[in-house]
Amino acid sequence: MTQTENKPATQETPFVPIEKIVALCKRRGFVYPNSEIYGGVSGIYDFGPLGVELRNNIRRFWWWSMVQLHDNVVGIEGAIITHPRVWEASGHVENFVDRLVDCKNCKRRFRIDHLPPENVVSNRCPVCGGELTEPRTFNLLMETYLGVVEGERMKTYLRGEACQNIYLDYDNVLKSSRMQIPFGICQIGKAFRNEVTPGNFLFRQREFEQWDLQFFVHPSEMQQWFDYWKEKRFEWYKGIINHKDRLHFREHGPDELAHYAKQAFDIEYQTILGWQEWEGIHWRQDWDLSRHSEYSGQDLSYTDPITKEKYIPWIVETSGGVDRTFLNLLIDAYEEEPDPSGKEARTVLRLHPTLAPVKVAVLPLQKNKEELLTTARSIHNKLKRLMVSQYDDVANIGRRYRRQDEIGTPYCVTVDFQTLDDGTVTVRERDHMTQVRVAIDELPAYLLERVTWH
Ligand code: GAP
């Protein structure tokens, strides 16, 4: 799968208000606020039955594209908790901070780097004009403690970025696999940040999931691999969205580079909130392996097996978020399509068929004919072994199509009276609402061809 093949959204498609996505997610079981019965926790969410299917598909597709398709990339899964020295070596204990000011009048809190420049200069609140406090510094790392005996417990951190495990396991991977530089290690995993201003739904959370590729290279080949992965990642995102014109690169200015980065580009996606980071492509150079060599006392340099040259490998990082992908895909896919006959608009999620949480819905045309129901159930029972299938016989067929459109199901299979005569069913496609007749025996192959990546 390289490009979306579903119906492209029209140029004029307006930006979707985030509230509509939040409401759909709750209503249809994609995302729920965490601990809602206790009033919720800001910046933390749970994923419901459809959300977990969509997330799994997104993760699997990333893994397939990055690990399975590249002979020089392998994967790991590291622990969330590491030795606390990791975070000193990484620079996070010292540098992973936000500078905040409070309004003395309305008590609102702001990150200095999010304030309009004129408010920084005037030291005035952008909302009420009140005077702002002196800036205070907050570290974003989440602390935790290992051990049970008070006084002997070791303070450590929930990882602030998932990629650190890759540097920690780099030497083990090198020794236990047949990789040689240039090669990469991938991981998908949770990260935790005490974000001071979580918000915009899944966009900025305190617990979220990242996917990283760390690609280890000889310094002389850094530029070429940086360019390679930068383009590769851009094309990957372009392939799973409808609004291709809402994706671009933005280069970081010198004052916004992370402490480890010598150069960085963000892949950004445009929503109603403006252009926002989706994934970062970072030129990490030898920062990570040098620092971990220094702090651990282990030599992490690499000796070229042919030239015998010894050096600390440089690193190209591509680091994105499962949650931002989840959110952006929903925003990108959401459309309220006016009904030509003036009826209620159709809400449709034009998700790429391979990523959609439910691949097919099997619908008997009418409920009062037992033969239609048994045939439909039998088709569903066969299909569900191959893909996520739903059986639905509640409400009229039009309403059932709408229910599936709203959650992005690319195909609906209708069992009707003709089915009982000739063994064919109607397959309705979500985006164009076109219908074709397919023999029941050919249905699995017909659908698999369209809903799996290959
Ligand atoms: N290892 C590099 C790193 O962590 P980052 O730009 O801080 O770089 C990478 O994060 C990606 O992780 C971002 O592009 C975004 O997709 C995701 N991400 C970062 N902070 C996030 C948050 N608070 N909530 C959701 N996703 C986040």
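User: What makes the nitrogen atom of the ligand and the polar backbone atom of Phe 203 a contact?

Analyst: Happy to walk through it, bearing in mind that this is a predicted model. A ligand nitrogen is 3.2 Å from a polar backbone atom of Phe 203. A polar contact needs a pair of N or O atoms within 3.5 Å, so this pair counts as one.

User: How do you know that Glu 317 and Gly 321 make polar contacts with the ligand?

Analyst: The same cut-off of 3.5 Å applies. For Glu 317, an N or O atom of the side chain is 2.8 Å from a ligand nitrogen. For Gly 321, a polar backbone atom is 3.0 Å from a ligand oxygen. Both values are within 3.5 Å, so both pairs are polar contacts. As for cover, the ligand taken alone exposes 560 Å², and the protein buries 93% of that.

User: Which residues come nearest to the ligand, and what makes a residue part of this group?

Analyst: A residue belongs if one of its heavy atoms lies within 4 Å of the ligand. There are 22 residues around the ligand, and Glu 161, Gln 205, Glu 277, Trp 278 and Glu 317 come nearest. By class, this shell has six nonpolar, seven polar and nine charged residues.

User: Which strands supply at least two residues of that shell?

Analyst: They are E10 (207–217), E13 (274–285) and E16 (314–321). The largest share comes from E13, with six residues.

User: Why is the ligand said to sit in the largest pocket?

Analyst: The test is that more than half of a molecule's atoms lie within 2 Å of the pocket's grid points. The ligand is assigned to the largest pocket, so it passes that test. The volume of this pocket is about 1400 Å³. Its lining has 44 residues, with Arg 111, Arg 193, Arg 204, His 252 and Glu 277 nearest the centre.

User: What makes up the lining of the largest pocket, by class and by element?

Analyst: The lining divides into twelve nonpolar, 13 polar and 19 charged residues. E13 gives the most, with six residues. Other elements supply at least two residues each, including helix H4 (92–95), strand E12 (263–271) and helix H9 (322–333).

User: What lines the second largest pocket?

Analyst: This pocket holds about 510 Å³ of space. Its lining has 19 residues, and Glu 344, Ala 345, Arg 346, Gly 398 and Arg 402 lie nearest the centre. Strand E18 (346–349) and helix H11 (397–407) are the elements that give two or more residues. H11 gives the most, with seven residues. By class, the lining has five nonpolar, three polar and eleven charged residues.

User: Why is the peptide bond from Ile 181 to Pro 182 worth a remark?

Analyst: Most peptide bonds are trans. The bond from Ile 181 to Pro 182, however, is cis, with omega near 5 degrees. Pro 182 lies in the loop between helix H6 (164–176) and strand E9 (183–192).

User: What is the phi of Ala 395, and where does Ala 395 lie?

Analyst: Phi of Ala 395 is near 85 degrees, a positive value in a residue other than glycine. Most residues other than glycine have a negative phi. Ala 395 lies in the loop between strand E20 (389–391) and H11.

Definitions and conventions. Residues are numbered from 1 along each chain as its sequence is written. This is a predicted model: local features need pLDDT of at least 70, side-chain atom pairs count only at pLDDT 80 or more; totals for chains, interfaces and linings use all residues. Side-chain values use heavy atoms; hydrogens and water are left out. A polar contact is a pair of N or O atoms within 3.5 Å; within protein, one must be able to donate a hydrogen and the other to accept it, and residues adjacent in sequence count only if both atoms are side-chain atoms. Accessible areas come from the Shrake-Rupley method with a 1.4 Å probe; for residues, only the protein chains shown count as cover. On a 1 Å grid over the protein atoms alone, a cavity is a set of points where a 1.4 Å probe fits but cannot get out, and a pocket is an open set with protein on both sides within 12 Å along at least five of seven lines; lining residues have an atom within 4 Å of a point. Helices (H or I, at least four residues) and strands (E, at least two) are DSSP runs, numbered from the N terminus. Ala, Val, Leu, Ile, Met, Phe, Trp, Tyr, Cys and Pro count as nonpolar, Asp, Glu, Lys and Arg as charged, and the others, Gly among them, as polar. Grid points are joined across faces, edges and corners, and a volume is the space filled by probe spheres set on the points.
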